[in-house]
Amino acid sequence: MIDIQKIREDSKAVIERYQVRNFNASDLVRRIKELDARRREAQQELDSTLADANATARKIGELFKSGKRDEAEPLKEQSADLKKRSKKLQEEMDAVTHELQELMTNLPMLPHPSVPAGNTEEDNEVIREEGEMPQLPESAKAHWELAARYDLIDFAAGTKVTGAGFPVYKGKGAVLQRALISFFLEEAGKAGYTEYQPPLMVNAESAYGTGQLPDKDGQMYHVASDDLYLIPTSEVPITNIFRDTIMEENELPVKCTAYSVCFRREAGSYGKDVRGLNRLHQFDKVEIVQVAHPDTSYEVLDEMVDYVAGLLEKLELPFRVARLCGGDLGFASALTYDMEVYSAGQKRWLEVSSISNFETYQAQRMKLRFRPAEGKNRLAHTLNGSALALPRVMAALLENNQTADGIRVPAILHKYTGFDMIQ
RNA sequence: GGAGAGGUGGCCGAGUGGUCGAAGGCGCACGCCUGGAAAGCGUGUAUCCGCCUAAAGCGGAUCAAGGGUUCGAAUCCCUUUCUCUCCGCCA
């Protein structure tokens, strides 16, 4: 949710900025402005009515105490009237507030000035490209073929046991997966992130706090009997740890990392994009989350991008970093960098990380604030990124390192896997 | 799942119808004291909204949440929810 103050101050600028997202906010903003004005009017009226009622009640109390009960009788009537009126005003105000709130949640985060305009992926701005592209023969295989050949992943078994999109990792495939998790967590620890193991299900308040609800309702698995949601990413439970808190300024930034299984319904996905490990309903991910001071949150964002780039370098994977254009930007994000690795068997770029600064979007919803040295409490900024999502990293590792003798395991992982070749 | 107890400020804890946003203590901050520290003394110490862009000031709301009784509710009633204890079940 954006700060309504921005709309009060300069609604034109707000509407203009939204155009980067191709989001026409003019009607919405106009109605918000109206409602906001009405709300404040209503509150003033309500407050003064309540003030009268309070004063009257106090007077009655005094009269009772001094034994002048009969004098209190007319005041009682007056008080009853005031009560009736304030009740009505309260209802009006609640209605307006509720509507205003609802409209506000329909506004996406304001994009950062550096966000390029545009509609689709095509308009994303590649700002960095690193690593050596693997030179493979024409006969190079996609990871699902390699997985079958070396018995690393049993897609059919997963389909039988659960359904499509729930792969079964096996043997060295399972070990490699575990090795990657250990590697990512250990690196995050070295970089100052505190490791967490969060719940894999969250309640509706948490899903609302990070913005999964109400916007992306259909994307999460919902356990109806207990009204809980399977997490689509550990961002949700981790960030919500800080919901409804006021931190001390010197506690910022808070750096958290967590490994978790992630569940996504991916309703509507189909086709070649979903082959193999490319898109799953259940996958593993190590996430990094930071709660940052608003004055330095973009430095934090850069730091996170550099950190993830470092991981990819260590894994010897060629990658590129793209700044998402307005049309591709998530609802809650002010600025997002996507990290993609080149997967040589499929000859395509695979997104393995998405690193975003949500500024106050989540903080506003979850009332995550801090106490500055001077002045009023301020909303913190929240950021997060994958570091990294496992399946596509796995896909790229398998594809890029295939040789006639088997699949080579990058040196950095040897101490976690205990083997250096998959044969 | 069954039985009982209870949710008050950063924490502990008092408060059973009026002047209670709430005693007292702890913690924390600042000041005094000290060679320095501890102790001691003093002062301050919740959040949100509005008047007002801000400070001061004023008004409103908040004692788990929602509703009710009453002129007036932290206090009485109802519902929901959470926590704790005992029993049952169980990784």
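This is a guided tour of the structure, stop by stop, with a selection to make at each one.

**Start with the whole chain**

Keep in mind that the model is predicted. Show chain A as a cartoon. Chain A has twelve helices and 19 strands. Its C-alpha trace spans about 100 × 45 × 40 Å along the principal axes. Of the 423 residues in chain A, 49% are buried. Now think about contacts. Among those in chain A with a separation of 6 or more, 74% are between residues 24 or more positions apart.

**Select RNA strand B**

Show the strand with the residues around it. There are 22 of them, and Gln43, Ala57, Lys65, Ser79 and Arg369 come nearest. Sugar and phosphate make up 66% of the strand B atoms that come within 4 Å of the protein.

Which elements of the chain supply this surface? Colour helix H2 (26–65), helix H3 (69–105) and strand S14 (368–371): each gives at least two residues. H2 has the largest share, 13 residues.

Three selections show three parts of the RNA being approached:

- Arg39: a polar side-chain atom lies 2.9 Å from a sugar or linking oxygen of RNA strand B.
- Asn54: a polar side-chain atom lies 3.2 Å from a phosphate oxygen of RNA strand B.
- Ala57: here a backbone N or O atom lies 2.8 Å from a base nitrogen of RNA strand B.

**Select Ala174**

Move to helix H6, residues 172–190, which holds Ala174. Is Ala174 buried, partly exposed or exposed? Its relative accessible area is 29%, so Ala174 is partly exposed. Add Leu152 and Tyr169. Ala174 touches both, leaving out residues up to four places away in sequence. Leu152 is 22 residues from Ala174 in sequence, with 7.0 Å between the two C-alpha atoms.

**Select Phe183 and Phe184**

Stay in the helix and turn on the side chains. The structure holds six aromatic pairs. The ring centres of Phe183 and Phe184 are 5.5 Å apart and the planes stand at 45 degrees, so this pair is tilted. Add Tyr416. Ring pairs link Phe183, Phe184 and Tyr416 into a cluster.

Are the two phenylalanines buried or exposed? Phe183 has 0% relative accessibility, so it is buried. Phe184 also counts as buried, at 0%.

**Look for charges over rings**

Select Lys172 with Phe419. The charged end of Lys172 sits over the Phe419 ring, 4.6 Å from its centre. Then select Arg365 with Tyr208. The charged end of Arg365 sits over the Tyr208 ring, at 4.3 Å from the centre.

**Select the nonpolar cores**

The largest nonpolar core has 61 residues. Which residues have the most contacts inside it? They are Phe184, Val308, Leu312, Met339, Val393, Leu413 and Ile422. Pick Val308 and show its surroundings. Beyond neighbours within four places in sequence, Val308 is in contact with Ile288, Met339, Ser353, Ile355, Ser386, Ala387 and Leu388. Another core lies apart from the largest one; it has 23 residues, among them Ile2, Ile4, Val14 and Leu100.

**Select helix H11**

Highlight residues 390–400. How many residues of H11 are buried? Eleven of its eleven are, and the helix is mostly covered. The buried residues include Arg392, Glu399 and Asn400, along with Val393 and Leu397.

**Select Glu287**

Glu287 lies in strand S10, residues 282–292. At 3% relative accessibility, Glu287 is buried. Add Lys285: the two side chains are joined by a polar contact of 2.6 Å. Now widen the selection. Leaving aside neighbours within four places in sequence, the contacts of Glu287 include Thr233, Cys256, Asn384 and Ser386.

**Finish at Thr233**

Thr233 is in the loop between strand S7 (228–230) and helix H8 (235–240). Thr233 has 4% relative accessibility and therefore counts as buried. The Thr233 side chain reaches the backbone nitrogen of Glu235 at 3.0 Å. Outside its neighbours up to four places away in sequence, Thr233 touches Cys262, Arg264, Lys285 and Glu287. The last two take you back to the previous stop, where Lys285 and Glu287 make their polar contact.

How values were computed. Residues are numbered from 1 along each chain as its sequence is written. Chains are lettered from A and ligands numbered from 1 in the order in which they are written. This is a predicted model: local features need pLDDT of at least 70, side-chain atom pairs count only at pLDDT 80 or more; totals for chains, interfaces and linings use all residues. Side-chain values use heavy atoms; hydrogens and water are left out. Rings of Phe, Tyr and Trp (its six-membered ring) pair if their centres lie within 6.5 Å; planes under 30 degrees apart count as stacked, over 60 as edge-to-face and the rest as tilted. Buried means under 20% relative accessible area, exposed over 50%, partly exposed in between (1.4 Å probe, protein chains only). A charge sits over a ring if NZ of Lys or CZ of Arg is within 6 Å of the ring centre and within 35 degrees of the ring normal. Helices (H or I, at least four residues) and strands (E, at least two) are DSSP runs, numbered from the N terminus. Contact means heavy atoms within 4.5 Å. A nonpolar core is a set of buried Ala, Val, Leu, Ile, Met, Phe, Trp, Tyr and Cys residues joined through side-chain atoms within 4.5 Å. A polar contact is a pair of N or O atoms within 3.5 Å; within protein, one must be able to donate a hydrogen and the other to accept it, and residues adjacent in sequence count only if both atoms are side-chain atoms. A residue is near a molecule or strand if one of its heavy atoms lies within 4 Å of it.
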